[in-house]
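Please open the model in your viewer and keep the selection tool at hand. The tour below proceeds stop by stop, giving at each one what to select and what is to be found there.

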Amino acid sequence: MNLHEYQGKELLSSFGVRIQRGIVAQNADEAVEAAKKLTEDTGTGWHVIKAQVHAGGRGKGGGVKLAKSLDDVKTIAGQIIGMDLVTPQTSAEGKRVHQVLVAEDVYYPGDSEPEEYYMSVLLNRANGRNMIMYSTEGGMDIETVAEETPHLIFTEEIDPATGILPFQARKVAFNLGLSGAAFKGMTKFVTSLYTAYVKSDSSLFEINPVLKTSDDKIMAVDAKVSLDDNALFRHKDLAELRDLREENPIEVEAGEMGLNYVDLDGNVGCMVNGAGLAMATMDLIKQAGGEPANFLDVGGTADAARVEAAFKIILKDPAVKAILINIFGGIVRCDRVAQGVIDAYKNMGTINVPIIVRLQGTNADIAKKLIDNSGLDVLSATEFQEAADKVQAVLS
Ligand code: GDP
Ligand code: MN
């Protein structure tokens, strides 16, 4: 589960990580009130107005703007709220902005130039350890840095038994070329950031940029926080931060029914049990000249109710021109799945796209007879290739 920037910053702040301060606003008037409050609290004269959507690259898309007066705040907030923000990380339609973060301007001039760094905390799956990845090249695409100047990206691995050690925090500050107050600020920043990551059971923190202000303060200007869904039961307060407006509505509905569903761009809907078979089925569809419209794992119990729920979900996608059901009957017998498909089909009334069913495993032969004798417009197959050929036939 992803958090908005403002939520991520609040989480970081609660663990003692210094952040660029801000207040979230739902409309232009609230934005002005927020700006006044920030001026009282921080003394800032200028504010940045930042679109709150689950996508990075907002600056490039016009979703982050500097306001030099309260009039500016009102105008800019009014422009950004309600817009469909297109960034390098959104689709071409963009993402609707429902709220903005009004933040203090932290790029003020001073003794030195403000400097932007990159920092993330994530799991190194190769050895099962968390690592801190950081770079002097902040503010820009880290993928570009990785490609063009990989030697400017550092990693620090953390032993889970000890947590982050003081020498590691100092190494980070040293590698970033810091000294004096900024050096001290960075060691505290890294240490509290890592603690926040572990204590919140997060799967990714990406702070780009981490800023060294012109008066040597170290703070998070941006915050991408992804929480581990499997640990959310331990964090009821964080689970409540979920913003369903940011998620694909069909995926949300599928999740409520216990289905693993990922929406894709193609024309063949698929209903499969098990993630591995689902991947193989998507390959199969491609080989047959189609494109998968979704990834859908119905899980271990493919009974009539689940099959019907899966049908309904798949058919919500108007791009679907055929449905391939590919189920292995191991724990659940194929004849029961077949009956489930037939019952669901009858319950649904009209399904206007051809359906190909491949059932393999226990009682596959009985299942095929059930489908063939059902009188419904459903094609059955037992072999992978046979299923692929039938998909190809209905598409052409
Ligand atoms: P992203 O584009 O979605 O990654 O959003 P960020 O939160 O990283 O902001 C984008 C850019 O806005 C930053 O890289 C900064 O250059 C700029 N920015 C953010 N905060 C301030 C600020 O307080 N003052 C000024 N002048 N620029 C800011
Ligand atoms: Mn950023």
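How many cavities of 30 Å³ or more does a search of the whole structure find? The search finds one. The model under view is a predicted one, and this cavity is a suitable place to begin.

**First stop: the cavity**

Select Val357, Leu359, Ala364, Ala367, Lys368, Ile371, Ser380, Ala381 and Thr382, which line the largest cavity. The space inside amounts to about 40 Å³. By character, the lining comprises six nonpolar residues, two polar and one charged. Next, colour strand 17, helix 12 (364-372) and strand 18 (378-381), since each of these elements supplies at least two residues of the lining. Helix 12 provides the largest share, with four residues.

**Second stop: strand 16 and its neighbours**

Keep strand 17 (residues 355-361) displayed and add strand 16, to which it is joined by seven bridges; the two strands run parallel. To locate the pairing, select Leu324 and its bridge partner in strand 17, Ile356. Helix 11 (residues 334-348) should be shown as well, because strand 16, helix 11 and strand 17 make a right-handed β-α-β unit.

Now add strand 14 (residues 268-272), which is joined to strand 16 by five bridges, again in parallel. Here Val268 has Ala322, in strand 16, as its bridge partner. Is strand 16 largely enclosed or largely open? Of its eight residues (322-329), seven are buried, so the rest of the structure largely encloses strand 16.

**Third stop: the manganese ion**

Select ligand 2, the manganese ion, together with Asn208 and Asp222. The ion is coordinated by the O atom of Asn208 and by OD of Asp222, at 2.2 Å. Asn208 belongs to strand 10 (residues 202-212), whereas Asp222 sits in the loop between strand 11 (218-220) and strand 12 (224-227); the pair therefore ties together parts that are 14 residues apart in sequence. Asn208 has a relative accessibility of 17% and so counts as buried, the cut-off being under 20%.

Extend the selection by one residue to Pro209, which also lies in strand 10. The peptide bond that joins Asn208 and Pro209 is cis, with omega at about 10°.

**Fourth stop: two aspartates with positive phi**

Select Asp201, in the loop between helix 6 (180-199) and strand 10. Its phi is near 50°, a positive value in a residue other than glycine. Asp201 is buried, with a relative accessible area of 18%.

Then move to Asp216, in the loop between strand 10 and strand 11. Asp216 is likewise not a glycine, and its phi is positive, at about 65°. Its relative accessibility is 30%, so Asp216 counts as partly exposed.

**Fifth stop: strand 6**

Select strand 6 (residues 100-104). Five of its five residues are buried, so strand 6 is largely enclosed by the rest of the structure. Show strand 1 (residues 22-25), which pairs with strand 6 in the antiparallel sense over four bridges, and strand 2 (residues 47-51), which pairs with strand 6 in the antiparallel sense over five. Select Val102 in strand 6: it is the bridge partner of Ile23 and also of Ile49.

**Final view: the whole protein**

Clear the selections and display the full chain trace. The secondary structure comprises 13 helices and 18 strands. The C-alpha trace spans about 80 × 50 × 40 Å along its principal axes. Of the 396 residues in the protein, 47% are buried.

How values were computed:
Residues are numbered from 1 along each chain as its sequence is written. Chains are lettered from A and ligands numbered from 1 in the order in which they are written. This is a predicted model: local features need pLDDT of at least 70, side-chain atom pairs count only at pLDDT 80 or more; totals for chains, interfaces and linings use all residues. Side-chain values use heavy atoms; hydrogens and water are left out. Buried means under 20% relative accessible area, exposed over 50%, partly exposed in between (1.4 Å probe, protein chains only). Two strands pair if DSSP finds at least two bridges between them. A crossover is right-handed if, with the strands pointing away from the viewer, the path from the first strand over the helix to the second runs clockwise. On a 1 Å grid over the protein atoms alone, a cavity is a set of points where a 1.4 Å probe fits but cannot get out, and a pocket is an open set with protein on both sides within 12 Å along at least five of seven lines; lining residues have an atom within 4 Å of a point. Grid points are joined across faces, edges and corners, and a volume is the space filled by probe spheres set on the points. Ala, Val, Leu, Ile, Met, Phe, Trp, Tyr, Cys and Pro count as nonpolar, Asp, Glu, Lys and Arg as charged, and the others, Gly among them, as polar. Donors are N, O and S atoms within 2.8 Å of the metal (3.2 Å for Na, K and Ca); water is not among the atoms, so sites may look incomplete.
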